[in-house]
Amino acid sequence: MKPPSANLPLSAARLNGLQSDSGLRHYRCSQFRDLYPADQPQMGFARWPDAAKRTVFRLDKVEAQRPRAPAKEWQFERPWEYLADTTGTYAGKALDMAASLYEEWNAGERTGPLAPFEHPEPAALGIAIQKDLDRASETPAKRPFSYDEWRTSDCQTDALEDLRNRGVCGLRIEDHFYEMRHQQARINTARHLLELCAEKARKNPQLENALLVNQIILPGRIGRQKNPLFKYSLALPSSGRQKIRRVLMTEERTLGQHYLTLAQAELLQCLKRQLYQQALADLFSTEGFDYAGAFRCAGHFISDTLEPACKQDPLDPEHSQPSPDSDGKAWVRSLCTEQVAASASREEVSLARMLWPQTTPDSQTEPYQHPETPEPNDGTGVFRGAALAALEKLDLPEDLSEILTVEGLRLADDIQSGALTTLMLAGMNSGMKALDSSHSELHQSIRSAMAALENNDRQLQNLTDEQTRLAQRRAALKAEHDAASREWMNRNSDQAFRKEQAAAKALKDFDDASARLEQQHVQTRQTIQQRLMAQRIAAMANPMEGIRRAMPELLPDLRQMTLSDAIAQGKYVLGLEDLGPDGARYNPETSAAGKVLVWTLSRDKPTTQAIQALTRAENQLTLARRALAEANGNHEELRAKLQAAQSRYNQVVDELKQTGGRIRDINSEIRKLEGEAKAHRVDLNAAERSRLHRVLNTPALPLVVLAIEAVNVANAFGSLKRTSRERSGYRAISGLLSSGYGGALAATLLSERFANEATRNRIASALQYQFSGEGAKFIAKIFRAEALTVKMLIGGVGGLALTGISLSDTIYAINTGDQAALGHGIVTVGGVVTTLSAMVPAQLTLLGMGPLGWAGLCLILGGAVLVAHYEDEPIENWLKNGPFGEHDGLPHLQGDNNAPEAWYRLVY
């Protein structure tokens, strides 16, 4: 006895095929012999040692189960547990488990990975999320799963009770089509869960901030390149990472991706096996709209296995990257190129033979000719072009009971609802819409599989990586040459000149080598493109032949020819008539490109004219987008300005090189005169001959002090906008004024020391002016000075200004968690000591400064070094004090109300 396993009606052709072909029965039917049942279903038939054939069992030993309801069962990840639950409590318990887990995640009570037994039902987890969404919405959206249905699941009597009482035995028959449908339902449920997670995340005001950090800062690599911002991720505390995970619903999405990956892998394994392909052959052995529905059903199955979970999760960092290759896409490519001999050698009828006919590219260079006699329906499911072509002239029957399969009825329902009516198919009959729908999913899957192959071609990636490395190397050489040029112009020495010449030569040699290498790269890239084109043509040969045979009236002149012949004959070239993203039309540049095979149509056909109209509209849209993109600037004008600037720069460099010799001669004369002047200097007294005094009393140290003050002023002015943005306008202005005051004070003291005698006397007289008021006397008494002078006052004011600014920076660094707080604190102490040194008379001075002055200077310089080494970058400051940080030093970046401000501060 060989009963077939099916939950759909078999056509007469299929029944005849099963009856006459033992090979089909081997895959499609379950075989039973010597029916002696075992006690348990898992034991099967006791006399058979092979567990796979133990399919007979006693029903009196079987647990109670609910009546079968496939549509309800497919909602569950584990439908067997639902079937074994006659009390109606499994769905409610699954819902409670998912809701409890969801609450623990939101409360931060569960952060670790889940054990396998803790995984909730994905639909139940989706219901928990959608219930949370519906509470915050005035008009809840329509959802595929109902909370009320899951919560109020009804009790059912044992469906096997009557059979058990009668002493009936059971036969275990595998329903492969049911299993594929269940895997597809699992995929849809996982997708719905990911969509709900994205919808819930969009309700959070911090979503954009979390996405930016998660996609730009936290990944160690972006694509094939190291992420330069990853080093700043250490500034983000663990609590901040957890906040980001909750904003992005990482735990729920991880489960959703896990469920989706498992379901895709299991569905793909089903589609690869002949047992399941023969279940699909039941559909491919039908006629009319049922037959078209078979292609649509198979296309959906195949499409569901292609894209990895990361591409179906809108919040995944890889979602916006080019689609990676996958096992499903690799299988689709092998399916396209499979030959009849391969499946015939296995005595099988593969899915490839059901989806499209087997042909060779040589036979596709001429228009398709209708066969004299249509292919017979022998019940094997092999492709029948004539049966599909008959639909071109048909409309849906008035009585839909003539459509026998669920897939055919679904197709008919979509046609009636207008879901399949496109601009091109408007006004055409229902059969034409059915044909378009039956093939569109398949061909989109093929295009996706081929695009993944081309995007992830190893040779092409290596070529791109090599060009990237060359560009980086040239940028480094260019930077070295620019630095050498600046050094030569500043120093004007022979050594700097030789260094600049060596850098220029290295850059020129590299450009020459790169030009030769670029020619090789162009040839290599053309070879790769020709190989990829050949692979695409080979993969599309059988599917395109299926289109030719299924739509001979709609596409009467569809055929292959070389690109050069197509252009010469004025044919419409599919895929090359539309403009590229840059608004340019493809034209063969080489003879090899002109020999590429392309698919063409005659321009005088109605279908071609409709396609042309759509293409023309798309081209106009492309050109409009290009014009909009260029509205902000004239690229040609910018390029001309850049070339003019480059030419002027080269001219200036040449002129400087020509005058370099004269400049060096002048500098030599100057140094000679300086040497003669030094020879006539009088000897200093014995104290001034000490080595320490000579070193410190030279103009170098005071000039360094003035240079430091000048740098402080420049830094304060350069960081004015940044300080205003990060701190406040008051802090920026006060820092600038303090730096300017310090610079002016240093310049005044230097003038006192190094100006001519008359000027020094006037400055010294002004600085030594003594205040005579009671307040001045009181202050002088406090610091044990004879009187309060102008020099003491301006020095004290400068020290107090430095102290105040540094104290402010110290408090800010402490509040924001900046490690540079220690450095700012040391500078603050240095400011206090400097203030005291200005006010307290020194008994022993060196270069006009006493011990307190030198101690203050050392503290200030040491603190500045610590600040420069440990001060946080702005991005680290944002991570520590922003919406995901532990510090509250920047309250304007925290809180949901400040989310846009935080995003702006991070980006700009």
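Me: What share of the contacts in the protein chain between residues at least 6 apart in sequence join residues at least 24 apart?
Reply: In this predicted model, the share is 70%. A contact here needs heavy atoms within 4.5 Å.

Me: How many helices and strands does the protein chain have, and what part of the chain is buried?
Reply: There are 37 helices and seven strands. Buried residues make up 41% of the 908 residues. The accessible surface comes to about 49400 Å², and 55% of that surface belongs to carbon and sulfur atoms.

Me: Why is helix H6 called largely enclosed by the rest of the structure?
Reply: Because 11 of its 14 residues are buried, and buried means under 20% relative accessible area. Among the buried residues are Pro122, Leu125, Ile127, Ile129 and Leu133. Gln130 and Asp132 are also on the list of buried residues of H6.

Me: What do the buried residues of H6 pack against?
Reply: They pack against four helices: H5 (90-107), H7 (147-151), H9 (176-202) and H12 (250-272).

Me: How do you know that the span of H6 is close to the expected one?
Reply: Helix H6 covers residues 122-135 and reaches 20 Å from its first C-alpha to its last. The expected span is 1.5 Å times one less than the number of residues, which gives 20 Å for these 14 residues.

Me: What makes glutamate 199 and arginine 143 a salt bridge?
Reply: Their closest N and O atoms are 3.1 Å apart, and the cut-off is 4 Å, so the pair qualifies. Glutamate 199 lies in helix H9 and arginine 143 in the loop between H6 and H7, so the bridge ties together parts that are 56 residues apart in sequence.

Me: Why is glutamate 199 called partly exposed, and why is arginine 143 called buried?
Reply: Buried means under 20% relative accessible area, and partly exposed runs from there up to 50%. Glutamate 199 has 25%, so it is partly exposed. Arginine 143 has 18%, so it is buried.

Me: How far apart in sequence are lysine 478 and aspartate 482, and what does that amount to in helix H21?
Reply: They are four residues apart in helix H21 (residues 458-491), which means a separation of about one helical turn. Their side chains meet in a salt bridge, 3.0 Å from N to O. Lysine 478 has 27% relative accessibility and therefore counts as partly exposed.

Me: How do you know that arginine 548 and glutamate 545 are buried or exposed?
Reply: Arginine 548 has a relative accessibility of 3%, and glutamate 545 also has 3%. Buried means under 20%, so both count as buried. They form a salt bridge, with the closest N and O atoms 3.1 Å apart. Both lie in helix H22 (residues 494-550), three residues apart, about one turn of the helix.

Me: How many salt bridges does the structure hold, and which residues are linked in a network of them?
Reply: The structure holds 38 salt bridges. Arg245, Arg246, Glu251 and Glu252 are linked in a network.

Me: Which residues touch the most other members of the largest nonpolar core?
Reply: They are Ile129, Trp150, Met180, Phe284, Ile302, Leu351 and Leu355, in a core of 94 residues. Helix H14 (residues 288-304) supplies the largest share of this core, nine residues. A second, separate core has 24 residues, including Val213, Ile244, Val247 and Trp878.

Me: What is phenylalanine 284 in contact with, leaving aside its neighbours within four places in sequence?
Reply: Its contacts include Tyr291, Phe295, Leu351, Met354, Leu355 and Arg384.

Me: Why is glutamine 278 called buried?
Reply: Its relative accessibility is 0% and the limit is 20%, so glutamine 278 counts as buried. Glutamine 278 lies in helix H13 (residues 274-284). Leaving aside neighbours within four places in sequence, its contacts are Arg14, Leu24, Tyr27, Arg28, Val349 and Met354.

Me: What makes tyrosine 904 eligible for a nonpolar surface patch?
Reply: A patch residue needs over 30% relative accessible area and no salt bridge. Tyrosine 904 has 41% and counts as partly exposed. Together with Trp903 and Val907 it makes a patch of about 260 Å². Tyrosine 904 is in helix H37 (residues 899-907).

Methods: Residues numbered from 1 in each chain as written. Predicted model: local features only at pLDDT ≥ 70, side-chain atom pairs only at ≥ 80, totals over all residues. Heavy atoms only, no water. Helix = DSSP H or I, 4+ residues; strand = E, 2+ residues; numbered from the N terminus. Buried < 20%, exposed > 50% of the residue type's maximum accessible area, 1.4 Å probe, protein only. Patch = residues over 30% accessible without salt bridge, like charges linked within 9 Å, V, L, I, M, F, W, Y side chains within 5 Å. Areas by Shrake-Rupley, 256 points an atom, 1.4 Å probe, with all protein chains shown as cover. Core = buried A, V, L, I, M, F, W, Y, C linked by side-chain atoms within 4.5 Å.
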